[in-house]
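User: Please take one part of this model and look at it closely, then relate it to the rest of the chain. Spell out the cut-offs behind each term as you go.

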Amino acid sequence: MNVGMVGCGKLGLMVALSIESRGHWVRGYDISAAPKQYLLKREIPFKEAHSEELLRKTQMEMVSLEELCQWADILFLAPQTPHIDAYEGATPLPDTRADFNYDYLVECVREVNRYLIQRTPCVVISTVLPGTIEREVLPIIGAKFDLVYSPQFIAMGTVYNDFLNPEFWLIGARSPAAATLLAHFYETICYGAPALKTDIRTAEGIKVLYNTFITAKTVLANLYGEMAHRCGMKVDDIYRALELSTRRLISTKYLKAGMGDGGGCHPRDNIALSWLARNVNLSYDFFESLMVAREKHCEFLADLVEEYRWQVHQLPVVILGRAFKPETNIDTGSPARLLSFILKRRGVAHSCTEDKDVTKAPHLVFIGCQHERYTRYQFAPGSIVIDPFRYMPDVPGVEVIRIGEGERRGVLSSKDRALQSAALLDPRAV
Ligand SMILES: NC(=O)c1ccc[n+]([C@@H]2O[C@H](COP(=O)([O-])OP(=O)(O)OC[C@H]3O[C@@H](n4cnc5c(N)ncnc54)[C@H](O)[C@@H]3O)[C@@H](O)[C@H]2O)c1
């Protein structure tokens with residue numbers, strides 16, 4: 001295939017050379033003269049594994065954008081989406097926050113759109129926050145710009161290996177045809193790697209949240225290291241134990257959004273550890289942060305209950321399921337009880353129970369625990385069911401709201417609404 005790379009910087013050039021190494025023809029375009037010089041001198045200023053060999057063999061040429069758009073069967077776009085230095089992580093976290101700068105991406109898309117003469121898959125691989133493509137890119141492209149968002153999970157220094165051996169290909173597309181076409185192309189790069197196809201907004205989120213997962217793991221590892229140092233434990237033994245926990249910790253368990261954890265151990269252990277953290281003067285009480293985050297999540301759920309109750313109908317509220325985990329009736333430390341506490345503190349009349357007859361009158365039901373039997377409940381028509389686990393089936397005449405399922409619903413918390421209004425005024429300032 002003829003593959004065009006627009007934006008041949010640290011990511012784009014190495015990805016282009018990697019694609020070429022799989023037998024495709026590759027050409028590039030860049031607003032900077034530097035990539036052309038790299039190809040001429042067969043040398044790049046940044047250290048990248050396999051770059052010498054790839055540069056020695058390459059027949060890649062830099063051409064005009066017009067020529068590239070006419071020649072390519074598929075175009076990749078990899079312009080920078082920079083942050084200012086203060087957001088790089090090499091200095092203390094500033095008080096302010098900002099989105100990435102999308103000026104290069106917007107300009108790059110605008111230019112490509114201008115030169116396309118036939119419908120061409122245009123694959124954006126730059127890093128953006130969720131919602132960016134819809135806001136910044138979709139309004140400026142025409143029908144020939146067949147947009148796919150497909151970022152790579154690549155680390156600088158190992159672009160060649162990471163690109164050619166992905167855990168999975170991430171494909172965010174509007175049309176199934178474009179997603180299928182790109183998946184076929186990726187099969188020629190790494191046969192057998194699964195393709196995760198989703199919508200563009202979710203793909204944008206997956207790219208950055210994948211990185212957050214790594215940050216969370218390293219923060220935890222370093223927290224344990226500091227604890228070990230301060231309390232006289234051996235951190236590598238702690239991690240040997242965690243590595244052996246392949247049935248629960250190092251597994252696909254606990255990777256489902258729903259309610260916080262509970263029971264007779266987790267919350268109280270974390271609260272005791274928070275005491276210990278203060279006692280040994282830990283540099284940061286992450287245990288407290290975990291418990292606060294767990295509580296704030298319940299505040300968010302309480303916001304949802306309140307909004308639906310007041311904005312849609314004034315229905316009696318019930319938290320259905322107060323146990324700390326499915327198929328038990330033990331409710332020690334349960335997040336459903338925490339939600340109930342918060343609703344009570346806010347003056348929202350409700351019941352919080354394991355079972356209730358909801359067949360005779362409509363209710364606003366919040367599923368507080370993922371008991372299987374609730375899927376067979378006969379809710380009275382007119383009921384609203386809020387399901388944080390996304391497992392409840394559709395019920396005729398009942399509105400089932402599955403949290404985090406995709407389309408954002410119209411009901412917003414007051415905090416969300418304030419944020420959204422600010423974002424509409426200036427998306428980069430929030
Ligand atoms: N470097 C990596 O390993 C890596 C990994 C994952 C994701 N990313 C993401 O990929 C994107 C690119 O990162 P990078 O490190 O390669 O940046 P970079 O600054 O090294 O390269 C970007 C290139 O795009 C060019 N460019 C800008 N506007 C252009 C336009 N209108 N037309 C043509 N070329 C244009 C620039 O001249 C530059 O050569 C960023 O969003 C980054 O976050 C990078």
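Analyst: The part to look at is an open sheet of five strands, which follow one another in the order E10-E9-E11-E12-E13 with parallel pairing; strands here are DSSP runs of E with at least two residues, helices are runs of H or I with at least four, and both are numbered from the N terminus. Two strands are taken to pair if DSSP finds at least two bridges between them. This is a predicted model, in which local features need pLDDT of at least 70 and side-chain atom pairs count only at pLDDT 80 or more, while totals for chains, interfaces and linings use all residues. Residues are numbered from 1 along each chain as its sequence is written.

The edges of this sheet are strand E10 (350–353) and strand E13 (399–402), each of which pairs on one side only, and the twist from one strand to the next averages 15°; angles are taken between N-to-C directions, from 0 to 180 degrees, with axes fitted as lines to C-alpha atoms, for helices over the stretch in contact. At the E13 edge, four bridges in the parallel sense join E12 and E13, and Ile-384 is placed opposite Glu-399 in E13. Towards the other edge, helix H13 (residues 335–345) lies across strand E9 (317–320) and E10, and runs at about 165° to E10.

The loop between strand E11 (364–367) and strand E12 (384–387) holds Arg-376. Is Arg-376 buried or exposed? Arg-376 counts as exposed because it has 7 C-beta neighbours inside 10 Å; on this scale 20 or more other C-beta atoms within 10 Å make a residue buried, 12 or fewer make it exposed, and values in between make it partly exposed, with C-beta atoms placed from the backbone. The C-alpha atoms of Arg-376 and Met-392 lie 8.9 Å apart, with these positions 16 residues apart in sequence terms.

For the rest of the chain, the counterpart is an open sheet of eight strands, ordered E3-E2-E1-E4-E5-E6-E7-E8 and mixed in its pairing. Its edge strands, each pairing on one side only, are E3 (61–62) and E8 (195–198). Helix H8 (residues 176–187) packs on this sheet, where it touches strand E4 (74–77), strand E5 (120–124), strand E6 (145–149), strand E7 (169–173) and E8, with a direction that makes about 160° with that of E7. Strand E1 (residues 2–6) and strand E2 (residues 25–29) run parallel and are joined by five bridges, with Val-3 opposite Val-26 in E2.

E5 and E6 are likewise parallel, with five bridges between them, and Val-124 stands opposite Tyr-149 in E6. In a regular strand the side chains alternate between the two faces of the sheet. In E6 both faces are covered, since Phe-145, Leu-147 and Tyr-149 on one side and Asp-146 and Val-148 on the other are all buried.

The largest nonpolar core has 54 residues, and Val-15, Phe-76, Leu-77 and Val-112 have the most contacts inside it; such a core is a set of buried Ala, Val, Leu, Ile, Met, Phe, Trp, Tyr and Cys residues joined through C-beta atoms within 7 Å. H1 supplies the largest share of this core, seven residues. Beyond its neighbours within four places in sequence, Phe-76 is in contact with Val-3, Gly-4, Met-5, Val-6, Val-15, Val-123 and Ile-125, a contact being a pair of residues whose C-beta atoms, placed from the backbone, lie within 7 Å. Apart from this core lies another, of 30 residues, among them Ala-336, Val-358, Tyr-377 and Phe-379.

The ligand has 25 residues around it, of which Gly-7, Gly-9, Leu-11, Cys-108 and Ser-126 come nearest; a residue belongs there if its C-beta atom, placed from the backbone, lies within 6 Å. H5 gives the most to this shell, with four residues. Leu-105 is found in helix H5 and counts as buried because 24 C-beta neighbours lie inside 10 Å. Its contacts, leaving aside neighbours within four places in sequence, are Pro-79, Thr-81, Ser-126 and Glu-136.

Taken as a whole, the protein chain comes to 14 helices and 13 strands, and 28% of its 430 residues count as buried.

Definitions and conventions
Contact = placed C-beta atoms within 7 Å.
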